[in-house]
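Welcome! Here are some exercises to work through with the model open beside you. Try each task on your own before you read its solution.

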Amino acid sequence: MTMRVAIAGAGNVGRSIAAELVGNGHEVMLIERSPKMLRPERVPAAEWILADACELASLEESNVASCDVVVAATGDDKVNLVVSLLAKTEFAVPRVVARVNRAENEWLFTEQWGVDVAVSKPRLMAALVEEAVTVGDLVRLMTFRQGEANLVEITLPPTAPYVGLPVRNVPLPRDSALVAILRGRRVLVPTPDDPLEAGDELIFVCTAEVEDAVRAVILGPDSADRRAVG
């Protein structure tokens with residue numbers, strides 16, 4: 001399905017998002033208030049608009065109401081919050097994605113401010129560092145829907161109880177799903193017959209409430225105690 005996407009902020013982040021979406025066949029509009037940042041040659045297939053996305057009139061003239069998604073991608077958290085609020089409350093945009101620049105501001109990016117998905121670069125970078133070096137524990141990679149669901153990763157140690165057994169034998173709790181297995185350079189879509197191997201990176205989507213239960217199933221019931229001692 002082709003989407004119409006408005007991106008507020010045509011810096012490196014905004015342009016990168018635009019180029020990716022255009023490459024996937026979507027219709028993209030970049031809104032930028034600084035003339036020196038207008039560089040249509042960087043993403044020539046996108047529509048470029050010189051305007052302040054924090055102004056209601058600018059969003060009306062840009063026909064933001066016709067967009068399926070608005071991305072607030074500026075380097076200023078205050079601007080991203082205002083853009084998100086206007087997009088959701090004034091133009092009823094179905095999905096609003098906002099960039100969080102400073103970790104201490106992350107708590108503000110909620111549905112009260114019109115944000116459907118908040119992407120925190122500091123949190124994501126920290127999670128990727130943990131994911132790269134952590135074996136035998138659960139690492140939260142990303143949060144969806146204001147914390148209602150999380151993308152988490154567990155790298156299996158050789159001592160994990162289901163190593164060598166097929167996925168069907170793993171009694172995952174309700175509100176959790178194994179969505180991918182990373183094995184070396186391969187990405188596997190898990191089937192019930194796939195055996196788990198030591199060193200596998202298991203990617204789950206689950207609610208925050210069942211993260212401890214997922215950890216206990218995959219790593220063993222005493223994993224929380226080992227984690228506390230560690």
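A cavity is found on a 1 Å grid over the protein atoms alone, as a set of points where a 1.4 Å probe fits but cannot get out, and its lining residues have an atom within 4 Å of a point. Grid points are joined across faces, edges and corners, and a volume is the space filled by probe spheres set on the points.

The model is predicted, with local features needing pLDDT of at least 70 and side-chain atom pairs counting only at pLDDT 80 or more, while totals for chains, interfaces and linings use all residues. Residues are numbered from 1 along each chain as its sequence is written, and side-chain values use heavy atoms, leaving out hydrogens and water.

**Exercise 1. Describe the cavities and their linings.**

Step 1: count them. The structure has two cavities of 30 Å³ or more.

Step 2: take the largest cavity, with a volume of about 50 Å³. Its lining is made of Ala 6, Ile 7, Ala 8, Ile 31, Ala 53, Leu 59, Val 64, Val 70, Val 83 and Ala 87. Two elements, E1 and H3, give two or more residues each to this lining. (Helices, H or I with at least four residues, and strands, E with at least two, are DSSP runs numbered from the N terminus.) The largest share, three residues, belongs to E1.

Step 3: sort that lining by class. Ala, Val, Leu, Ile, Met, Phe, Trp, Tyr, Cys and Pro count as nonpolar, Asp, Glu, Lys and Arg as charged, and the others, Gly among them, as polar. The result is 10 nonpolar residues, with no polar and no charged ones.

Step 4: turn to the second largest cavity, of about 40 Å³. Around it are Val 167, Val 170, Leu 172, Leu 178, Leu 196, Leu 202, Phe 204 and Ile 218. By class, these are eight nonpolar residues, no polar and no charged.

**Exercise 2. Find the nonpolar cores and the elements that build the largest one.**

Step 1: fix the terms. Buried means under 20% relative accessible area, exposed over 50%, and partly exposed in between, using a 1.4 Å probe and protein chains only. A nonpolar core is a set of buried Ala, Val, Leu, Ile, Met, Phe, Trp, Tyr and Cys residues joined through side-chain atoms within 4.5 Å.

Step 2: look for the best-connected members. The largest core has 24 residues, and those touching the most other members are Met 29, Ile 31, Leu 59, Val 64, Val 70, Val 83 and Val 93.

Step 3: trace the elements. At least two residues each come from strands E1 (4-8), E2 (27-32), E4 (69-72) and E5 (95-100) and from helix H3 (77-89). H3 gives the largest share, five residues.

Step 4: locate the other core. A second, separate core has 19 residues, including Ile 154, Val 167, Val 217 and Leu 219.

Step 5: zoom in on Val 93. Setting aside neighbours within four places in sequence, Val 93 is in contact (heavy atoms within 4.5 Å) with Val 64, Cys 67, Asp 68, Val 69, Val 70, Ala 87 and Lys 88.

**Exercise 3. Which residues other than glycine have a positive phi, and how exposed are they?**

Step 1: visit Asn 63, in the loop between helix H2 (56-61) and E4. Its phi is near 60°, and its relative accessibility of 41% makes Asn 63 partly exposed.

Step 2: move to Ala 92, in the loop between H3 and E5. Here phi is about 50°, and Ala 92 is exposed, at 58% relative accessible area.

**Exercise 4. Is Arg 183 buried or exposed, and what does it touch?**

Step 1: place Arg 183 in strand E9 (residues 176-183).

Step 2: check the area. Arg 183 is buried, because its relative accessible area is 16%.

Step 3: list the partners. Beyond neighbours within four places in sequence, Arg 183 is in contact with Leu 188, Pro 195, Leu 196, Glu 197 and Asp 200.

**Exercise 5. Give an overview of the chain.**

Step 1: count the elements, which are six helices and 11 strands.

Step 2: consider burial. Of the chain's 230 residues, 43% count as buried.

Step 3: examine the contacts. Among those between residues at least 6 apart in sequence, 55% join residues at least 24 apart.

Methods. On a 1 Å grid over the protein atoms alone, a cavity is a set of points where a 1.4 Å probe fits but cannot get out, and a pocket is an open set with protein on both sides within 12 Å along at least five of seven lines; lining residues have an atom within 4 Å of a point.
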